[in-house]
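Let's take a walk through this structure together, beginning at the ligand and moving on to the charged pairs. Keep the viewer open as you read.

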Amino acid sequence: MQTAPAPHPSAAIDWDALDALKYQDEDAAVAALLADPPLDPAARASAAAEARALVTKARSLKRRKGVMESFLEEFGLSNAEGLALMCLAEALLRVPDEETADKLIAEKISTGHWAEHLGKSDHWLVNAGTFGLMLTGRVVNLPDDLKGEASEVFGRLVKRMGEPVVRAGAMQAMRILGEQFVLGRNIDAALKRGAGMIRSGLASRYSFDMLGEGARTNADAERYLVAYANAIDAVGKAANGQGPLTSNGVSVKLSALHPRYEARQEGRVQRELYPRMLKLAEAAKKYDIGLAIDAEEADRLVMSLRLFEKLALEPSLKGWEGLGIVIQAYQKRTRALIERLASLSRKRGTPIQTRLVKGAYWDGEVKRAQVMGRVDFPTWTTKAATDVHYLACARDLLAVRSIFPQFATHNAHTVAAVRRLAASAGREDFEFQRLHGMGEALYASIDPPMPVRVYAPVGGHEDLLPYLVRRLLENGANTSFVHSFLDDDVSPEIVAADPMTTLEAKPHRHPRLPPPPRLYGASRRNSTGRDLSIKADREALTKDRASSDVPADLKVRDPSEAIAFAHTGFEAWNARGGAERGRVLRAMADALQEHHDPLVQLIAHEAGRGLQDAIDEVREAVDFCRYYAVEAERLFAGPVQLPSPAGETDHLEMHGRGVFVCISPWNFPLAIFTGQLAAALAAGNTVVAKPAEQTPRIARAAVKLFYQAGLPEDALQLVIGDGAVGGKLVADARIAGVAFTGSTEVARIINRTLAAKDGPIVPLIAETGGLNGLFVDTTALKEQVVDDVIVSAFNSAGQRCSSLRILFLPHDTAEGVLETLLGAMDTLVIGDPADPFTDIGPIIDGEAKANLDKHIARMKSEAKLLKQIDVSKLGGNFFGPAVIELKSLDQIDKEVFGPVLHVVRYDPSNIAKVGAQLAAKGYGLTLGVHSRLESFAEAVKKAVPAGNVYVNRTIVGAVVGVQPFGGAGLSGTGPKAGGPNYLPRFAEERAISVNIAAQGGDPHLLNL
Ligand SMILES: Cc1cc2nc3c(=O)[nH]c(=O)nc-3n(C[C@H](O)[C@H](O)[C@H](O)COP(=O)(O)OP(=O)(O)OC[C@H]3O[C@@H](n4cnc5c(N)ncnc54)[C@H](O)[C@@H]3O)c2cc1C
């Protein structure tokens, strides 16, 4: 395992050094772990034996399982019923209208084989006719005649009892599930219930957490601050000055205390969030109780450590032993973190509480690393590596006397092994921790009993859902210890297996989780981008750079000359074949990747795109080149044999058409420019490229890189100029096709120009604008909707053809969504796009801005301007993101190209009609749905034709080869860029038939 150099005790702690270890090589890190095992052979053997004994004992306990454990044992997440219940649990309680609640219940219940679960569980609640009876809220056995398939069962239940009863039952069932994990609706109720649990020996003490989705607005953050302050007050008063080690405490999520708790906003986090946290810490110190900072996503780690250091060294908190932090063993760099924490605790002079967890967001970390094109995952990819690393971290923590270690786990082996580590470190001053609703049987089996602190969420039903789903996922996963702990079918030897043995047997990263660059397998390497949560990566993109970093000196010809020159190159380039052309495209991809940093800066400066957008842009260009390289090899490898009659051979081959004109826009100055070129070239054409007049430097750089990658100059010619220059190119009789991305109006002009020419009729591949809608229903989660709307409508200052233009909100929940959306807009940073802290840059030019201003002026009188961010201080071409509520869809017919979101309130049960109104506008580019009802998503899809449909996510950011992109109707001609059908449109086909019988007969036939 790589380690960062150990810091000098008096030196400032270099938390950023941890980022150098974030994506360290897993195989090497595992080898280092195994070379220095946390337990010696004797301790290993006795830990495994104790773990097995714990499992056996826990299984023999009378009240061994809670409802949740029984429920998960029966339903898990590996069957349709478990997944259906999870979906229901996540959404049902927030649905305000009965009609939608009924639909949700019906849809989820109709997806499983419920009858198979009848009578299987040994918990009365789960067993009571399984979920079918939980639905009704009655605990009776399901009659035989109801033991049919799910939809039937459901149908009959509804018939017998009526929808309201079933609905009430389902709501009740979800509450029962929720109560397994949540201690109380408010802190007083939780304290009271907790005290009962302590009396009955199920817990020694608590750490309370306030439930909720992180703050999206300043108002949310204020609300959470009050909730945490009240909790500290109540817990503190009840603690009676026992001191933090034995009394109840509070755990805090920093994401609840600030709407922009992100590394890129660290300045604000330290300025605005820190004083809030300090206030809470001072209150906790006043009562001398514990206050721990929960661990969240890996991208936030370094920022939160810097904040924690400040707190730890705060003079007003001196001498208080309750300050705590949570660290995650699933991150590969945690031992280096512990080294720094040890220095901090020594510097502080008062012990720090440190809770070691494995980590709750493993799936999210994997997804983020893949989506963002990171070089690797920040976490281990195998459970065994996490388990062993946990023990190595435990040993490190126990070695530091100024740290009070807290071991949070529900895993019998982990508990047994930690006990041995503590014994060999000679420490008794530590505690175990578990989550409320989990691990009761495990800790009840330890003899003599050990102190256990229980982490207990507090909050109302409306807030518990995301937490509940996380726990369901955690417990239902088949890698989870809890999942098999109490399952008698799995032997204690397997349940409590020593993770060291597992890791020794399989010391390599998980074979099904290659690092993100290898996401698409051997044939196509995924692009990578810098990680803006890392300071060094931000600095690499902001340091001064000589313009020579991107090669750009280039001969630019006039349109006619350029076409003539490209003509001379066609035959040779076309003759090279797909494999050879693919090699050049791959070299181009590598060249782009190599010049990632200067290209990102150039894009930010010339096109005004934010740094993350610019990173995504470079990655997309790389992906296009690699994708079309594979396609060139696939489709242009040579003639393909077709079925033939005897005496004949028949083949089909594809080749280039001639000189293609590629006209691209300024809003994706590198990705679309490169993508068009790469496709045309892959198919064997030569190209005359005309980029937007606003972004010539980026185009020059890309063309130069193409040449450096081995593309002959007569295969690609750059022409710089405005629309008139493009017009000349299109009107030229010598061209063989046009690829165009831009406005619908210009596409029409090009189409007319092509039609008016004599000579061959050539293809036009056009990708134009959209009037993109997002339909939300009442099952959607408000915070997810707001996050995705902000990105879809305002990223790139709304200057993407895929950007969201019209948000359809249900009458029942529109107010709440709008309140959060408008509040979240206040937290956006508008400014210099080359600054990593900026969210939204300027509009491309004065003319575009003037058009947006005109639109706002009109809407102010015709509709209702709900909000526009004031950017008057910024001047230039900055334009404040705006939200406009329309009276009706009739008020908008055309794409408004900027950060202007239109909102329409509607009734989701009218989706066919409302969708038809949007469809009637004629566009069909991107379309979004936010709903937990698959039937609703289907209905939206049916009502609104669109090239790209996105469900429960943003509607921008199509990925090459994953979401082939392009629209229908007024939005484009197809085929889709970055898809398997794109290249043939750039090609000509030729069928070759040879009469082999002409030579006298067919030898194959005669040799049958
Ligand atoms: C008191 C307490 C406080 C907590 N606070 C936090 C917190 O602040 N932040 C936080 O993130 N979590 C927190 N957790 C949640 C905790 O991370 C999970 O409950 C814990 O990971 C489950 O581990 P286990 O030992 O109980 O179970 P096990 O079943 O032994 O381990 C499950 C864990 O293994 C890891 N894992 C699973 N599959 C893989 C794989 N293929 N590769 C790598 N790793 C894998 C994951 O971390 C998963 O959660 C807390 C838990 C407790 C008990």
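A good place to start is Trp362: an N or O atom in its side chain is 3.2 Å from a nitrogen atom of the ligand, which is a polar contact here (a pair of N or O atoms within 3.5 Å; within protein, one must be able to donate a hydrogen and the other to accept it, and residues adjacent in sequence count only if both atoms are side-chain atoms). The backbone takes part too: a polar backbone atom of Thr382 is 3.2 Å from a nitrogen atom of the ligand, and one of Ala360 is 2.8 Å from a ligand oxygen. The protein buries 95% of the 950 Å² that the ligand exposes when taken alone (accessible areas by the Shrake-Rupley method with a 1.4 Å probe; for residues, only the protein chains shown count as cover).

A word on what you are looking at: this is a predicted model, in which local features need pLDDT of at least 70 and side-chain atom pairs count only at pLDDT 80 or more, while totals for chains, interfaces and linings use all residues. Residues are numbered from 1 along each chain as its sequence is written, and side-chain values use heavy atoms, with hydrogens and water left out.

Back at the ligand, there are 31 residues around it, and Gly359, Thr386, Thr409, Glu474 and Phe481 come nearest (a residue is near if one of its heavy atoms lies within 4 Å). Among the elements that each supply at least two residues of this shell are strand S4 (323-328) and helix H17 (383-398); helices are DSSP runs of H or I with at least four residues, strands runs of E with at least two, numbered from the N terminus.

Now for the charges. Side chains of opposite charge can pair when their charged atoms come close. The whole structure holds 55 salt bridges, each a side-chain nitrogen of Lys or Arg within 4 Å of a carboxyl oxygen of Asp or Glu. One of them joins Glu266 and Arg306 at 2.6 Å, N to O. Glu266 lies in helix H13 (residues 266-287) and Arg306 in helix H14 (residues 301-312), so this pair ties together parts 40 residues apart in sequence. Glu266 is buried at 9% relative accessibility, whereas Arg306 is partly exposed at 23% (buried means under 20% relative accessible area, exposed over 50%, partly exposed in between, with a 1.4 Å probe and protein chains only).

Finally, look at Arg905 and Glu815, whose side chains meet in a salt bridge at 2.8 Å, N to O. Arg905 sits in strand S20 and Glu815 in helix H34 (residues 811-825), 90 residues apart.
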